[in-house]
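User: I would like to learn how to read the features of a protein model one at a time, with the general idea first and the particular case afterwards. Could you take me through it?

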Amino acid sequence: KEAFLCHVFLVEPLYYAVHRWLHVPTHMKAMHGFHHLSISTLPSTSLVQNFHEHMVYICTFGPAFLIPFLLQGRQHWTVIGGYLVAFDIINAWGHTNVRIRHWLFHSKYSPLTYLFYTPEFHLGHHAYFNANYALFMPIWDHLFETYRDYKKKDVEMLPADQQDFVFIGHNGGLGHLFTIPELCFYNVYDEYVRTWLPIKVEFFIMHVICQTTRIFTKFYYCSRFCIANQYVGRIICLARTPWDYMSSPKAYQGLNEEIVELMRQEHKKFGTRKFGLGNLNKMKQLNDGGLVIAKMVQEDEYLKDKNIRVWTGDTMTVASVYNQIAEIPKLDSFFYIGAGGKVGTAVCEMLLRERPDLKICIFSRNQCLDHPNITYSTDLSDIVNYRVVLVGKILSAQMYEKAFQGQEKCKTRFVLDYTVPALLVPVFGQRPENIQHIRVGLLKTFPNNPFLKGHYDLCMSHDENHIVPCHFGCLLNTISGRETNEVGDIDQNEVERVWKLTLSKGFQNIAIDYSTAN
């Protein structure tokens, strides 16, 4: 009771004052502006703040259970826990972006109009910025004349059982687990987090967790999202870890069968015909870039006549990486790690076709491309001879550390990494040259781009309003009505088309300032 009374009579007016203070331009720019990037809010928006704003809120909300403690000399942990859980639930409710039109919440004669807010009340704050500052009780805006009525436009909703496209992913290790919103809201847009353990140990621990999870379910379902106001997409992850994909090839058949099982299940439930393969689910050793999956679909007794489409989205990955490199000013050479796959091959061929003077040194034991401008190296320390390094294959941090060891002269300034996940390499930041390790092969857009609505960007270890190109390529296939598979080798003639379509939808590569390095 004491915590409730302190919230009503202390926290609510204090928050109103603090919230108005946060809207002072200086504080808005330093803290609160990050939260206001969302206009069409989602439940997770309620916890999108930077560190400084979190500290402000701790001081604002803390009195609800600290004041009773100071007055009575005691406070039970269940009260603190219950208050925080209830607070987050009600806060998330206010960001759900739904319409509540009952007279109990809108009539000027109803007490609830002043004592408990609706999502539309808080949407008004995100839309107007200078109104509806209250936390959960609009009475403070009515008292100080900052209340402003806001009604969400009525729009035609897509059917609840519609699911046009599924992107099939998998767990990427402990760092991936930490970005799942059910475990921690605060990390959903965080980078891939590493522990102090070796990466293979992390994979094994996660493998044990996933094997336990598989007792109950084989698949993890992410939220649905809307594509171009017409289609519904979803990410569904196999309860599999990199450990499964690094195991004996004998396990590959089982992995492929599980992918097909998911396709069969989603078609039976929702009629879904279009599926994208994410990351290791399309690796060459597993299913030859999706070719094996496409064949299994044609041979499956249930799926063979359902017009199922299998896409890798790799054409979009090539488009993103190619344009990222092609736009580097005055680039005459670069070092390429992981050019042996189909993405790397296509990127090299396109670059050399458009820029005949460009020199590429590929780190590989196998000579995958024969061209006079391409050289090969098996010595990773040759990396120091190149200002720009492109990475398409994960190498251990120890390999990079050994390559830079004892190297007094180093030309390297930019390491552009499109591996998934892009793992931290400490030695880059430890060098006196302060080498910039930048994740590329990543598309960004502006907040509230109407082309994609909902959580299309969760659990991918990147910032909000970003998306990996292979996923986005599958979404373009969906809206384009593609009725052929996208598996196997890259069709380079399609790269320019998909890139133009990407730009037309408001997505582009991340911008890099190459003038910042000496």
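**Reading backbone, salt bridges, cavity and surface**

Analyst: Asp288 is found in the loop between α13 (284–287) and α14 (291–299), and it makes a useful starting point, with the reminder that the model is predicted. Its phi is positive, about 55 degrees, although Asp288 is not a glycine.

User: How should I classify the accessibility of Asp288?

Analyst: The general idea is that a residue under 20% relative accessible area is buried, one over 50% is exposed, and one in between is partly exposed. Asp288 has a relative accessibility of 31%, so it counts as partly exposed.

User: Where does Lys330 lie, and what is its phi?

Analyst: Lys330 sits in the loop between α15 and β6 (333–337), and its phi is near 55 degrees, a positive value in a residue other than glycine. Lys330 is exposed because its relative accessible area is 84%.

User: Which residues does a cis peptide bond join?

Analyst: The backbone angle to read here is omega, which is about 0 degrees for the cis peptide bond that joins Val420 and Pro421. Pro421 belongs to the loop between β10 (414–417) and α18 (426–430).

User: Turning to side chains, how many salt bridges does a search of the whole structure find?

Analyst: The criterion is a side-chain nitrogen of Lys or Arg within 4 Å of a carboxyl oxygen of Asp or Glu, and a search of the whole structure finds 19 salt bridges. One of them is between the side chains of Arg264 and Asp300, with an N to O distance of 2.7 Å. This pair links distant parts of the chain, 36 residues apart, with Arg264 in helix α12 (residues 252–270) and Asp300 in the loop between α14 and β5 (309–311). With a relative accessibility of 23%, Arg264 counts as partly exposed, whereas Asp300, at 13%, counts as buried.

User: What parts of the chain does the salt bridge between Asp314 and Lys282 link, and are the two residues buried or exposed?

Analyst: The side chains of Asp314 and Lys282 meet in a salt bridge of 2.9 Å, N to O. That pair also links distant parts of the chain, since Asp314 lies in helix α15 and Lys282 in the loop between β4 (274–277) and α13, 32 residues apart. Both Asp314 and Lys282 are buried.

User: How are Lys500 and Glu496 placed in helix α20?

Analyst: They are four residues apart in helix α20, which means that about one helical turn separates Lys500 from Glu496. Lys500 forms a salt bridge with Glu496, and the closest N and O atoms are 3.3 Å apart; Lys500 and Glu496 are exposed. Salt bridges can also share partners, and through such sharing Arg214, Arg240, Asp244 and Glu258 are joined into one network.

User: How much space lies in the largest cavity, and which residues line it?

Analyst: A cavity is read first by its volume and then by its lining. The structure holds one cavity of 30 Å³ or more, and about 70 Å³ of space lies in the largest cavity. Its lining consists of Gly313, Thr315, Met316, Gly473, Leu476, Asn477, Arg482, Glu486, Glu494, Arg497 and Val498. By class, three of these lining residues are nonpolar, four are polar and four are charged. The helices α15 (314–326), α19 (469–480) and α20 (495–504) each supply at least two residues of the lining, and the largest share, three residues, comes from α19.

User: Which residues form a nonpolar patch on the surface?

Analyst: A patch is read as a group of residues together with their joint accessible area. Trp103, Leu104, Leu112 and Leu115 form a nonpolar patch on the surface, with about 370 Å² of accessible area together. Within this group, Leu115 lies in helix α6 (residues 112–115), and it counts as partly exposed because its relative accessibility is 44%.

User: As a last case, how far apart are Gln407 and Ser381 in sequence and in space?

Analyst: The two separations are read side by side: Gln407 and Ser381 are 26 residues apart in sequence and 8.3 Å apart in space, C-alpha to C-alpha. Gln407 has its place in the loop between α17 (397–404) and β10, and with a relative accessible area of 23% Gln407 is partly exposed.

Definitions and conventions. Residues numbered from 1 in each chain as written. Predicted model: local features only at pLDDT ≥ 70, side-chain atom pairs only at ≥ 80, totals over all residues. Heavy atoms only, no water. Patch = residues over 30% accessible without salt bridge, like charges linked within 9 Å, V, L, I, M, F, W, Y side chains within 5 Å. Areas by Shrake-Rupley, 256 points an atom, 1.4 Å probe, with all protein chains shown as cover. Buried < 20%, exposed > 50% of the residue type's maximum accessible area, 1.4 Å probe, protein only. 1 Å grid on protein atoms, 1.4 Å probe; cavity = no way out; pocket = protein on both sides within 12 Å on 5 of 7 lines; lining within 4 Å. Points joined across faces, edges and corners; volume = space filled by probe spheres on them. Nonpolar A, V, L, I, M, F, W, Y, C, P; charged D, E, K, R; others polar.
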